[in-house]
Amino acid sequence: MDIGALTDETLRDLRRPRDYPAVSLLLPTTRRSPYSTEDGVRLRNTVAEAKRRLAEDPRVTRAARTDVENRLDAAAAEVDLTHTTDGLLILAAPGEHQVWYLPRSVPQRVVVSDTFLTRNLVAARIVEEPYWALVLSESESRLWDGAGENLTEVTGDGFPVRPALPDHEDALPGRHFDKVGKHALTPREEAHLERERQYMRTVAGALAPVVDRTPRPLYVVGLREQIALFEKLLPGTGAITARVENGGASSKSAHELFELLHPAFDARRSSRQGEVLRRLSDARGQKRYTSGLDEIWQTVRQGRVALLAIEDHYQVTAKLDGNGGHPQRVETPTEPLLADPSIHEDVVDEIVENALQSGADIEFVPDDTLASEDRLAAVLRY
């Protein structure tokens, strides 16, 4: 499944405990067409590694092993290697399996537990943040419903919006928004400009209830003067997330539009990371800051975390005493150790799950961003 299918309800279901063993397979894949043969080899090797782990785990019954092995084979057969993005997540437990395509790079891992590994789904959903993309042009303004690289044109709520046709004698062939204001306007030009304003009012009027009903980041594409005029007429302030200057986007396909928007998405992610670091810095000064595995393990369980920041690929195997005490790191998690039910392969994933349950904001940052904070940091509610 694509990450766009991940709803809050689905995520909650994936986080619930499973009958042991619940197997999570992560592997990086390649955005390439035709698909990379390396992806197929990596997939087979990862499935084989999972089966080996199951065969050597004394806690796995023969019936459960057979069931989950069959689920792994079925999931691997469902993988479309021509569809892959940057990562793949396969989840298998007795009686169920799922395949998720991830729009972000992941490490190659096999985790066997009584819950599925979900932190990569959470991180991927942040990458796939839903948004609106409005494309302005003189002939037609189009609205797109976006999530990551998936864009679907909105054909309702007044869209696409087309301008009222001018009277033949007042029409100014070749006249564009970017020419307005460069010389004194004649009455004919003033009439034409008013029609342009009315057109942008119509676009703004059609968009306003859409964004009010479903608030999302708004990316506006068009000529600079078009965007400026539209912004003046759009109710509210600060509604536009990013402005992309391009005069020929109206005829572009969904894929072409995504490529045009890509730099704006990168800039937004960078801005979000900067905002996370600012919030952490402010919290430090307000004595509402904590960092490191031990402290965050406790404060998350107490429901005190408002914002949790984690490095992308930070993972810790630890021994838990079952009473909520501090996790004891296992520096060399050999497979005999992993058979111990008190050993948890990824307590960071459990921290993320607990933070989500308490309503905390989760943000993933590039590796080494929080090196001095032991890879984890949080803003506390109190």
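In this predicted model, the buried residues of helix α1 are covered by elements that include β2 (87-93), β3 (96-102), α4 and α10. Helix α1 itself spans residues 8-15, and its buried residues are Leu11, Leu14 and Arg15. Seen down the axis of α1, these buried residues fall within an arc of 100°, so they line one face of the helix. The face turned away from that buried side carries Glu9 and Arg12, which are exposed. Here a residue counts as buried when its relative accessible area is under 20%, and as exposed when it is over 50%.

Two of the elements that cover α1, namely α4 and α10, lead on to a sheet. This open sheet is formed by 4 strands in the order β10-β16-β11-β15, and their pairing is mixed. Strands β10 (289-291) and β15 (361-365) stand at the edges; each has a single partner strand, so one side of each is left without a neighbour in the sheet. Direction ignored, neighbouring strands of the sheet are turned by 20° against each other on average.

At one of these edges, β10 is joined to β16 (residues 376-380) by 3 bridges, and the two strands run antiparallel. Within this pair, Tyr289 has Val379 of β16 as its bridge partner.

Both helices pack on the sheet. Helix α4 (residues 119-127) touches β11 (305-311) and β15, and its direction makes about 85° with that of β15. Helix α10 (residues 347-357) touches β11, β15 and β16, and its direction makes about 155° with that of β11. Helices α4 and α10 thus appear in two places: they pack on the sheet, and they are among the elements that cover the buried residues of α1.

Note on methods: Residues are numbered from 1 along each chain as its sequence is written. This is a predicted model: local features need pLDDT of at least 70, side-chain atom pairs count only at pLDDT 80 or more; totals for chains, interfaces and linings use all residues. Side-chain values use heavy atoms; hydrogens and water are left out. Two strands pair if DSSP finds at least two bridges between them. Axes are lines fitted to C-alpha atoms, for helices over the stretch in contact, and angles run from 0 to 180 degrees between N-to-C directions. Contact means heavy atoms within 4.5 Å. Buried means under 20% relative accessible area, exposed over 50%, partly exposed in between (1.4 Å probe, protein chains only). The arc is that of the directions from the helix axis to the C-beta atoms.
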